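Here are a few strand-tracing exercises to try by hand. Grab your viewer and work through each one before reading its solution.

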Amino acid sequence: MPLDHRALSARRLEVTLTDDVLIVHGGTPLQGQIRVRGAKNLVSKAMVAALLGETPSRLFDVPRIRDVEVVRGLLELHGVKVSDGAEDGELVMDPTNVESASTDEINVHAGSSRIPILLCGPLLHRLGHAFIPDLGGCHIGPRPIDFHIKALREFGAVVDKTPEGMHLSAPNGLHGAKLELPYPSVGATEQVLLTAVRAEGVTELRNAAIEPEIIDLICILQKMGAIITVHTDRMIEIQGVPRLYGYEHKPIPDRIEAASWAAAALATRGEIEVIGARQADMMTFLNVYRNIGGELKITDDRVARPGVSGAEGGIKFWHPGTELKAVALETDVHPGFMTDWQQPLVVALTQARGISIVHETVYEQRLGYTEALNSMGATIQVYRDCLGGTPCRFGRRNFMHSAVIAGPSKLHAADLVIPDLRAGFAHLIAALAAEGTSRVYGVNLIKRGYEDFEQKLAALGAHVERP
Ligand code: EPU
């Protein structure tokens with residue numbers, strides 16, 4: 001499938017007409033320390049899980065990002081009282097009085113995030129019906145929801161798709177089901193978990209996703225009273241229980257944000273310590289980072305630092321000062337190389353000597369951003385073929401899903417328009433690595449998933465400014 005040039009041009013026009021632009025004076029190595037908080041892709045789901053409890057939940061280390069605001073708004077519309085707790089980043093969610101919201105009110109959130117689809121099961125359990133607006137999220141492929149709908153129907157839900165959104169009801173309640181996903185989808189696995197925990201009977205889910213964020217969601221649900229077993233071979237078994245209670249939870253750290261800053265350190269020839277980054281969730285990334293020639297040092301929690309007691313650990317990432325090496329990598333489901341690590345790291349690969357190969361097997365259209373890198377002097381060619389070791393679902397289907405990157409290339413400044421969240425961060429890194437002054441349009445999109453990124457850039461010594 002070709003790049004959606006019409007959508008890209010529309011976005012260009014939309015953002016270049018606003019003041020949503022960051023001026024980046026590139027060429028300075030990023031140096032310093034920043035901290036990552038709870039993972040965006042867990043926190044938003046943990047907030048949805050709070051709907052299932054009969055008592056309030058407390059979630060800690062919640063980042064101030066737009067996706068959190070969207071879910072907060074949706075919860076509040078459904079009668080959940082959401083307030084900030086005493087601690088910085090603490091969120092208290094009281095679902096005692098869950099109530100229906102009007103379609104118009106819910107539709108205000110249409111197109112803003114993918115998370116609303118996960119409210120189906122919890123709302124069906126709490127209210128017997130649900131309305132889900134048109135979904136948003138990044139434009140990185142068609143992103144269908146067929147796995148979700150099929151699973152919900154197997155639980156006994158009646159799903160009615162209309163142009164305005166999706167109406168659901170469960171006239172006979174929800175009951176456990178034997179399910180198998182065609183692909184280990186993160187969202188569909190979460191959908192099944194959030195629905196099965198209170199469905200009557202046992203649910204078996206085969207070919208489930210087992211990303212660390214999913215295991216953390218299972219931990220939350222277990223805290224709430226759920227009975228979930230993760231078997232070998234991607235099989236998850238859930239015994240439905242009649243009631244669940246609130247939880248207290250500190251989420252896993254954001255391993256996508258951590259890897260994004262790691263890539264920024266490499267691309268700008270800098271050194272960044274990411275406090276909060278956790279080795280166990282990033283092992284595949286760390287191996288690739290080392291193979292490229294990047295240096296890293298892992299400090300566990302509680303390892304004493306001079307003058308700091310009970311210090312929080314992290315990972316320091318830095319450029320070796322010598323030439324980076326080209327690598328071949330394939331994105332995949334966990335424990336493979338995450339698709340969300342791909343774009344920021346490709347910017348670093350433009351600086352490696354030789355030919356790197358990237359085979360994107362999770363999303364069919366996640367290489368469009370390479371055009372912008374080429375406009376800055378990179379040499380990246382995209383292909384329809386599966387250039388990795390294994391043929392994937394997208395081979396022979398006309399999707400440009402493999403990239404060959406020849407390096408090292410000297411990047412020069414350019415005017416850039418951010419197309420989606422992760423590619424957006426990649427654009428930003430490229431502008432920071434390039435010589436000269438770039439204008440990066442649409443940077444507010446980065447706030448969807450990166451807390452305080454402008455403050456963090458300032459802390460790392462980046463020369464950026466708003467016009
Ligand atoms: N898929 C279907 N049908 C479905 C569901 C998924 O065909 O009903 C396909 C998708 O089109 C895709 C593949 O399955 O090709 C994987 O999609 P998945 O459902 O795993 O992704 P997701 O749940 O929509 C989450 C993250 C993404 C992350 C992916 C993969 C959230 C909110 N989003 O998306 O994160 O890339 O899992 O790990 O958790 C991001 O943070 O920028 C982001 C895009």
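Before you start: two strands count as paired if DSSP finds at least two bridges between them. Also keep in mind that this is a predicted model.

**Exercise 1.** Work out which strand S3 pairs with, and in which sense.

*Solution.* Start at strand S3, residues 57-59, and look across to strand S5, residues 91-94. Three bridges link them, and the sense is antiparallel. That clears the cut-off, because a pair needs at least two bridges. To check the register, find Arg58: its bridge partner in S5 is Val92.

**Exercise 2.** Now find how S4 joins S5, and describe the hairpin.

*Solution.* Strand S4 (residues 81-84) runs antiparallel to S5, with four bridges between them. Lys81 gives you an anchor point, with Asp94 as its bridge partner in S5. Next, follow the chain through the hairpin: six residues lie between the strands, and Gly89 takes a positive phi near 85°.

**Exercise 3.** Put the strands of the open four-stranded sheet in order, then see which helix packs on the sheet.

*Solution.* The order reads S2-S14-S16-S15, and the pairing is mixed. At the edges sit S2 (31-35) and S15 (295-299), each pairing on one side only. Neighbouring strands here are turned by 15° against each other on average, ignoring direction. Zoom in on S15 and S16 (residues 314-318): they're antiparallel, with five bridges, and Glu295 stands opposite Trp318 in S16. Finally, helix H9 (residues 255-267) packs on the sheet and touches S2, S14 (271-275) and S16. The direction of H9 makes about 170° with that of S14.

Definitions and conventions. Residues are numbered from 1 along each chain as its sequence is written. This is a predicted model: local features need pLDDT of at least 70, side-chain atom pairs count only at pLDDT 80 or more; totals for chains, interfaces and linings use all residues. Side-chain values use heavy atoms; hydrogens and water are left out. Helices (H or I, at least four residues) and strands (E, at least two) are DSSP runs, numbered from the N terminus. Axes are lines fitted to C-alpha atoms, for helices over the stretch in contact, and angles run from 0 to 180 degrees between N-to-C directions. Contact means heavy atoms within 4.5 Å.
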